[in-house]
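Trainee: I have a new structure open and don't know my way around it yet. Can I ask you some things as I go?
Mentor: Go ahead.

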Amino acid sequence: MTNTATTAKPNSNSTAPAENSALVSTQGVTTIADTVVQKVAGLATREITGVHALGGGAVRAFNALRERIPGATASAGQGVSVEVGERQAAVDLQIVVEYGVAIADLAKSVRRNVIGAVEQMTGLEVVEVNINVSDVHIPGDDDADESTESGRVQ
């Protein structure tokens with residue numbers, strides 16, 4: 001397709017017509033903050049069965065401490081980093097998977113859900129979703145720690 005001068009605004013340096021993006025119109029421009037895309041991607045990732053947690057060990061430990069502070073909550077964007085442009089976004093995820101889950105299938109499901117959620121909610125085109133599986137959660141590991149704490153006399 002050739003770039004036609006009739007579809008672009010006069011004195012416009014853009015190679016794509018404004019109507020190609022839901023965020024750019026003749027009535028104004030909508031910008032989406034990185035943190036918005038980060039939260040949407042994080043929540044979409046957590047919706048997938050088989051994802052135990054987001055983030056590496058240090059991030060998860062920090063957020064576990066933060067959850068113990070009254071009034072504080074875990075970050076919806078933990079384990080998620082994004083690059084957001086005017087019309088496109090790229091997402092990097094660091095996840096912990098449940099033991100026994102097929103990681104390749106899980107990655108496809110996570111990718112599909114993140115792309116769908118981000119594109120539907122923000123209007124940005126998601127060009128890539130990179131997934132780093134940093135750990136496998138084994139059921140019973142967390143239970144052993146909790147049972148020793150609850151069995152103590154207080």
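Trainee: Is aspartate 105 buried, partly exposed or exposed?
Mentor: Aspartate 105 counts as partly exposed, because its relative accessibility is 48% and that class ends at 50%. Keep in mind that this is a predicted model.

Trainee: Where is aspartate 105 found?
Mentor: In helix H3.

Trainee: How far is its C-alpha atom from that of glycine 50?
Mentor: The two C-alpha atoms are separated by 10.0 Å, and aspartate 105 and glycine 50 are 55 residues apart along the chain.

Trainee: Let me back up. How many helices and strands does the protein have?
Mentor: There are 4 helices and 6 strands. Along the sequence the pattern reads β-β-α-β-α-β-β-α-β-α.

Trainee: And what share of the residues is buried?
Mentor: Of the 154 residues in the protein, 26% are buried. The protein exposes about 10,200 Å², and carbon and sulfur atoms supply 51% of that.

Trainee: What about contacts, how many link residues 24 or more positions apart?
Mentor: Such pairs account for 71% of the contacts with a separation of 6 or more.

Trainee: Now H1. How long is it?
Mentor: Helix H1 covers residues 34-46, which is 13 residues. From its first C-alpha to its last it reaches 18 Å, close to the 18 Å expected at 1.5 Å a residue.

Trainee: Which residues in H1 are buried?
Mentor: Val37, Val40, Ala41, Gly42, Ala44 and Thr45.

Trainee: Why would residues three or four places apart in a helix point the same way?
Mentor: Because an α-helix has 3.6 residues a turn. In H1, Val37 and Val40 are among the buried ones, and so are Ala41 and Ala44.

Trainee: What covers the buried residues of H1?
Mentor: The cover includes strand S3 (51-54), S4, S5 and helix H3 (103-122).

Trainee: How do S4 and S5 pair?
Mentor: In the antiparallel sense, over 5 bridges, with S4 at residues 80-84 and S5 at residues 88-98. The two strands form a hairpin with 3 residues between them.

Trainee: Which residue in S5 stands opposite valine 80?
Mentor: Leucine 93. Leucine 93 also appears in the largest nonpolar core, where Val91, Leu93 and Val114 touch the most other members out of 22 residues.

Trainee: Which elements each supply at least two residues of this core?
Mentor: H1, S3, S4, S5, H3 and S6 do. S5 gives the most, with 5 residues.

Trainee: What does valine 114 touch?
Mentor: Leaving out residues up to four places away in sequence, valine 114 touches Ala41, Ala44, Thr45, Val91, Leu93 and Val129.

Trainee: Changing topic to S6. Is histidine 137 buried or exposed?
Mentor: Histidine 137 is buried, because its relative accessible area is 13% and the cut-off is under 20%. It is found in strand S6, residues 125-137.

Trainee: Which side chain does it make a polar contact with?
Mentor: That of glutamate 98, at 3.1 Å.

Trainee: And valine 136, what is its relative accessible area?
Mentor: It is 36%, so valine 136 is partly exposed. Valine 136 also lies in strand S6.

Trainee: What does valine 136 touch?
Mentor: Val96, Val97, Glu98 and Tyr99, not counting residues up to four places away in sequence. The C-alpha atoms of valine 136 and valine 96 are separated by 5.5 Å, although the two residues are 40 apart along the chain.

Technical notes. Residues numbered from 1 in each chain as written. Predicted model: local features only at pLDDT ≥ 70, side-chain atom pairs only at ≥ 80, totals over all residues. Heavy atoms only, no water. Pairing = 2+ DSSP bridges. Expected span 1.5 Å × (residues − 1). Buried < 20%, exposed > 50% of the residue type's maximum accessible area, 1.4 Å probe, protein only. Contact = heavy atoms within 4.5 Å. Polar contact = N/O pair within 3.5 Å; in protein donor to acceptor, adjacent residues only side chain to side chain. Core = buried A, V, L, I, M, F, W, Y, C linked by side-chain atoms within 4.5 Å. Areas by Shrake-Rupley, 256 points an atom, 1.4 Å probe, with all protein chains shown as cover.
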